[in-house]
Amino acid sequence: MTPIPDSTQKEATAQGSVIYYRDGKTVLAKQGVNRKNVPLAKVPQHVRDAVIAAENRSFYEDSGVSVKGTARAVWSTLTGQQLQGGSTITQQLVRNYYSGLSQERSITRKFKEILISIKVDQSKPKDWVLEQYLNTIYFGRGANGVESAAQAYFGKDVDKLTVAEGAYLASVIQQPSRFADPKGADLAAVQARWKGVINAMGQTGALTPEQVAGETFPTLKSPKKPFELKGQGRYMLEQVTAELNRRGYTDEDISSGGLRVVSTFDKKLMDAAGRAVKQVLPSATPKKVRTGLAAVNPANGEVVAFYGGDPDRSQYDNAFSAKVQAGSTFKPYTLATALNNGFDLTTRVNGNSPMHVASDPEHPIPNDSDRSYGEIDLVGATQNSVNTAFVDLGQKVGLDKVAKTAEQAGIPKAQIRPHQSAASFPLGVASVSAVQNASGFSTFANGGVHMEAHVVKSVTRADGTKQTVRPESRQVISKQAAADTTFALQQVVNYGTGSAARLYDRPVAGKTGTTDRSRSAWFNGYVPQLAVAVDMFRDDNKTVDIPGYGVQFGGQLPAQIWRAFMTEAMAGQEVVDFPEPSGYGYQPDYPTPGPSQPSPQQSQDPGPWDMPTPDSTDQPFTEPPTQRPDRNNLPDMPQQQPQNDNPSTGRPSVPTGPPNRDPGGFPPGR
């Protein structure tokens, strides 16, 4: 009438998951119970003998219970005394393994344990019982099961344990907390207990008298501190967990399924990303200024490194979660769309300022400082980041096509669609994250093929089944269009606003971006092997102003951070040239600056005015609530708001200050 329970206690069989860096060896994080189940065959015979000698010498002969031990325990309970020990290995397993048996000390629970133990002994092989026991029992030091205990106490796998070490693990089962890190009287007690186990092994015949006499107390490894995520570790774990969820792994799978997860993160490059940001940013940088960096391998979409800020300040990282206006880093998507739809590098567009568009004739779009470039080719328009040229190009190629290119390059539709009907759409009024922008530019570096950005390389389940992540890929633009886009972006670094990002040993393609009043500043660039985006913004949506460095633009500190990271990341790597553009030997046709105009090489990057969204407000950005975010619906950073400082029009006035202000653009729908 007392059946064997048909389910086990979750904690008894749970195996924690381990997440590794991309080398598959260096541990990034651990989740859940510290247990790794092993078959009995992997446990040396002398370790099994030690446990049997210490806990239940009659294990292979008894019926699952000890008559004397059980009688003693029952008598103690009936007389009101504290319940004593005497449980067999089978009884200990039943109590800790099967669900429905509490740990309370009552005569009813004890009889139930006895009856189930007898039934288990009748229906299960002894070796099965011993295997489950060795994988279930707690050994102290946070180690559940004999394999984890071997690592915790001796830093080795269970099959490498010596006789003395196996006897020690058998000794601690009785009092795991007391003997986890014994000192003083506790050390003397565990040494006596260990000697008793060795002598018991001699009495059972597991050891000869000579072996008993020759064994010495083993040297214990110093206890490890509890695994603690530091620095970017919290953000890495959050992103890996979120992707595992998207790929069908539940939180329970992660915490108790014994998964071995290899991430895409390169530890050296992660460290390099942190150094680049911290070494370039001056110590006087205000705490509200946030910097994000993301590096993506164009060939496979792996996010190999990122910098997300200080996890002690915010649970939202600056690389994946925070999204700010892209500014002029969005212009290359328009350029690539045009080059993929019949236009070429010599195509000339209207670079005059201001530009009147049919969709909003009352609000002309100006260039930086209202400079006019006349009819300008696409290389010159890109190098000088000419607003009106890209607005004109967007109108000619079709904004719907530009939106499609950006979406296929990895920028989510929800972030693009609200803005794509605006003439200013090519100027970067949509908000993106650093990872999304790096992933988008990786398309140009990979011959027009976009590889889905991802942070998990492979997942191996506890049973050994391995799943290797195969990222989605798509041809976004033609190979030649990608090559021509890259050529134009090289001129930005060689001669234009991105010169601070030059690498002395290899070609670089990239684009600066700065929004109105410098509320976000970007440098987004790549070499053939790596695409990297760097952004700076404030969490209160105000101007990024660094004491001693002034108001920031994409070609300043963001470009310097990019260069610092790439210098270290590419050290020793093969120098790979970009593919040749159409009409090799093409020379850009630059306009001649007027007397009051800076040369193209000195010009700062003009970007969009900040555009209101249909539901925008002037509320500053505040930190999100402290509860764990919905991983599938992380909030964007706030849309940057217009400053209605021109009461006659109710629209942002054109800044008249330094030439690197970023005028341009109109609200969506106008």
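Which residue lies over the face of Trp128, and at what distance from the ring centre? In this model, which is a predicted one, the residue is Lys124, and it stands 4.7 Å from the centre of the Trp128 ring. A second contact of this kind involves Lys126, whose charged end sits over the ring of Phe59 at 4.9 Å from the centre.

Let me stay with Phe59 for a moment, since this ring also takes part in an aromatic pair. The search over the whole structure returns 16 aromatic pairs, and in one of them the centres of Phe59 and Tyr60 are 4.9 Å apart with the planes at 75°, so this pair is classed as edge-to-face. The two partners differ in their surroundings, because Phe59 is buried with a relative accessible area of 0%, whereas Tyr60, at 40%, counts as partly exposed.

A further edge-to-face pair is made by Tyr333 and Phe441, with ring centres 5.8 Å apart and planes at 80°. Here Tyr333 belongs to helix α14, residues 331-339, and Phe441 to helix α19, so the pair ties together parts that are 108 residues apart in sequence. Both of these residues are buried, and both belong to one aromatic cluster, whose other members are Phe330, Phe425, Phe444, Tyr526 and Phe578.

Before I go on to the sheet, a few words on the overall picture. The protein has 670 residues, of which 56% count as buried, and the secondary structure comprises 21 helices and 20 strands. If one takes the contacts with a separation of 6 or more, residues 24 or more positions apart account for 73% of them.

Now to the sheet, which is an open one of 5 strands in the order β5-β4-β18-β17-β16, with antiparallel pairing. The edges are taken by β5, residues 303-307, and β16, residues 509-514, and because each of these has a single partner strand, one side of each is left without a neighbour in the sheet. From one strand to the next the twist averages 10°. Within the sheet, β4, residues 289-296, pairs with β18, residues 530-538, in the antiparallel sense over 8 bridges, and in this pairing Leu293 stands opposite Val534 of β18.

Which helix packs on the sheet and touches β16 as well as β4, β5, β17 and β18? That is α19, residues 434-445, and its direction makes about 35° with that of β17; α19 is also the helix that carries Phe441 of the aromatic pair with Tyr333. A second helix, α21, residues 557-569, lies across β4, β5, β17 and β18, and runs at about 145° to β18.

Helix α14, which holds Tyr333, comes up again when we look at α17, residues 399-408. The buried residues of α17 are Leu399, Val402, Ala403, Thr405, Ala406 and Glu407, and these pack against α14, α16, α18 and the strand β15. After α17 comes Gly410, whose phi is positive, near 110°.

Let me finish with the charged pairs. Side chains of opposite charge can pair when their charged atoms come close, and the count for this model comes to 25 salt bridges. I have picked out three of them.

The pair of Asp540 and Arg538 has its closest N and O atoms 2.8 Å apart, and both partners are buried, with Asp540 at 10% relative accessibility and Arg538 at 15%.

In the pair of Glu472 and Arg474, the closest N and O atoms are 4.0 Å apart, and the surroundings are more open to view: Glu472 counts as exposed at 52%, while Arg474 is partly exposed at 33%.

The last of the three joins Glu243 and Arg246, with an N to O distance of 3.8 Å. Why are these two about one helical turn from each other? They are 3 residues apart in helix α11, residues 233-246, and therefore separated by about one turn. An α-helix has 3.6 residues a turn, so residues three or four places apart point the same way. Glu243 is itself buried, with a relative accessible area of 3%.

Notes
Residues numbered from 1 in each chain as written. Predicted model: local features only at pLDDT ≥ 70, side-chain atom pairs only at ≥ 80, totals over all residues. Heavy atoms only, no water. Salt bridge = Lys/Arg side-chain N within 4 Å of Asp/Glu carboxyl O. Helix = DSSP H or I, 4+ residues; strand = E, 2+ residues; numbered from the N terminus. Buried < 20%, exposed > 50% of the residue type's maximum accessible area, 1.4 Å probe, protein only. Pairing = 2+ DSSP bridges. Axes fitted to C-alpha atoms, helices over the stretch in contact; angles between N-to-C directions. Contact = heavy atoms within 4.5 Å. Phe/Tyr/Trp six-rings, centres within 6.5 Å; stacked < 30°, edge-to-face > 60°. Lys NZ or Arg CZ within 6 Å of the ring centre and 35° of its normal.
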